[in-house]
Amino acid sequence: RVHVVLFTSDLRVHDHPPLRAALTAADAVVPLFVRDTGVAGFLAANREAFLADCLRDLDAGLRERGGRLVVRSGAVVDEVAKVVTETDACAVHVAGGVSAYAHRREDRLRDTLRRLGCDLVAHDGVVTCVPPGAVTPDARDHFAVFTPYHRHWARHGPRAVVRAPRAVRVPDGVGGEVLPERADVAGVSPGLAEGGERAGRALLTSWLRSGIGAYEDRHDDLAGDATSRLSPHLHFGTIGPVEAAHRARAAGGPGAEAFVRQLAWRDFHHQVLAARPDAAHADYRTQHDHWRRAPREVEAWQEGRTGYPVVDAAMRQLRHEGWMHNRGRLLTASFLVKTLYVDWRVGARHFLSLLVDGDVANNQLNWQWMAGTGTDSRPNRVLNPLTQAKRYDPDGAYVRRWVPELADVEGSAVHTPWKAAGLDRAALGDYPDPIVHLPDGLARFKRARNLD
Ligand code: FAD
């Protein structure tokens, strides 16, 4: 008996229920990853490079256990069908997905495999802690508000962690491609983190040992960089959210509680997207239009040249690392959608072109949250970049790290270079003046939303 395990956003051997189920039921297992032409357009360079690390490491993890990873390229359903035919497999295991694409993939796989006399087994609780739909309010298919969702989520709790297998036997003669390499991907951010399960597990362990304790107090400190940075690993599934939640809870304390709450936010957005796949591009709750096009301002925002140092620092961090601090994401998104009044989809698209953790559920729904079209219960809140800077980068260290033109400006004066007395303007190079006067942006926003 041969079973196939189709890896998608779960590139690990630890805590992997589909792999465990296949190994329990079958004599031999084909661990398969398809470089799916159907999602090729979604894969930005940073994610492609990180993915290459993940595939190499997954292959290494399987080889340590006597197996290997089979990589194929093509349309996912066709490639799975080919492997099933070649190996005479009787079941294919896959992690239950959330996006509209994942649902379509699952449906088409089920149909095709049925014709081949093969079962499709979709496993819940692999990509999220609590599967979408497992907790729902009365008479609705998903929660639209986080707080009640979180209450139910905490009561439901994640399943138990599944141990990594000791041995994986792959049938002889199943051909695969050469594994992709990060070095072959062009246009990767120079500071991109390393991918792969080993890197993810090392990061989680060091985070639990020495980071999580201070998380509650320091998660918003831009310069302190005191968040876990686990998001790319959660996105590619090199760390399972269930294991992360259990191990964090075992660490205990308010930092662990706050961290687990963030994992619940991740699940929350996933269950919204699962129920409302159109929220990936359409306004989820409140429709707003009259967005401005403002191409020059959008370009300045993308390049980190708005003249608001904290906005520019965060946008440059994104370009340099393919990752941005959550507080940076919030304030740069607010700046684009509320101060410049540009459609959230423009910002979401730019983020997805660079973010190593860029994913449809978290990115689009956080953008909608900030735009006031989504699940935020205060849809008209505007984050003033100067107030944000003073609160979350009080000494200006974050700005000096990412905006070299301002590296010599001391203290919090770095947030308002245009008014720092005695500052040698020439020394700031071509750092721009603010592209918008904040009160004008606010007045425009209020007019657009009829708030006066
Ligand atoms: P930590 O603070 O250590 O949190 C732990 C984990 O919890 C994160 O890794 C992440 O998986 C989850 N998490 C934390 N905050 C959120 C949140 N608000 N929503 C959902 N999950 C959360 N996160 C992504 O994973 N992918 C995205 O594409 C993405 N786009 C975003 C776009 C905008 C405009 C905003 C405001 C937020 C976005 N986030 C996204 C959420 C959040 O900013 C990142 O998850 C977080 O910054 C990742 O850093 P970390 O791993 O150090 O987080």
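This report describes the ligand shell and one helix pair in a predicted model.

Residue numbers start at 1 in each chain and follow the sequence as written. The model is predicted, local features require pLDDT of at least 70, side-chain atom pairs count only at pLDDT 80 or more, and totals for chains, interfaces and linings use all residues. The chain has an average pLDDT (the predictor's confidence in each residue, from 0 to 100) of 95, and 99% of the residues score at least 70. For the complex, the predictor gives an ipTM of 0.99 and a pTM of 0.97.

The ligand is surrounded by 28 residues (C-beta atom, placed from the backbone, within 6 Å), and Thr227, Ser228, Gln262, Asn363 and Asn366 are the closest. Four helices (DSSP runs of H or I, at least four residues, numbered from the N terminus) each give two or more residues to this shell: H8, H10, H13 and H15. H10 supplies the largest share, six residues. Domain 2 (128–160 + 197–275) and domain 3 (295–448) each contribute at least three residues; the bounds come from an automatic or database domain assignment.

The table gives the shell by class; Ala, Val, Leu, Ile, Met, Phe, Trp, Tyr, Cys and Pro count as nonpolar, Asp, Glu, Lys and Arg as charged, and the others, Gly among them, as polar.

| Class | Residues in the ligand shell |
|---|---|
| Nonpolar | eleven residues |
| Polar | twelve residues |
| Charged | five residues |

Helix H14 (residues 344–354) packs against H15 through contacts (C-beta atoms, placed from the backbone, within 7 Å) that include Trp344 and Phe351 of H14 and Asn363 and Trp367 of H15. The contact residues comprise six nonpolar, four polar and no charged.

Definitions and conventions: Axes are lines fitted to C-alpha atoms, for helices over the stretch in contact, and angles run from 0 to 180 degrees between N-to-C directions. Two residues are in contact if their C-beta atoms, placed from the backbone, lie within 7 Å.
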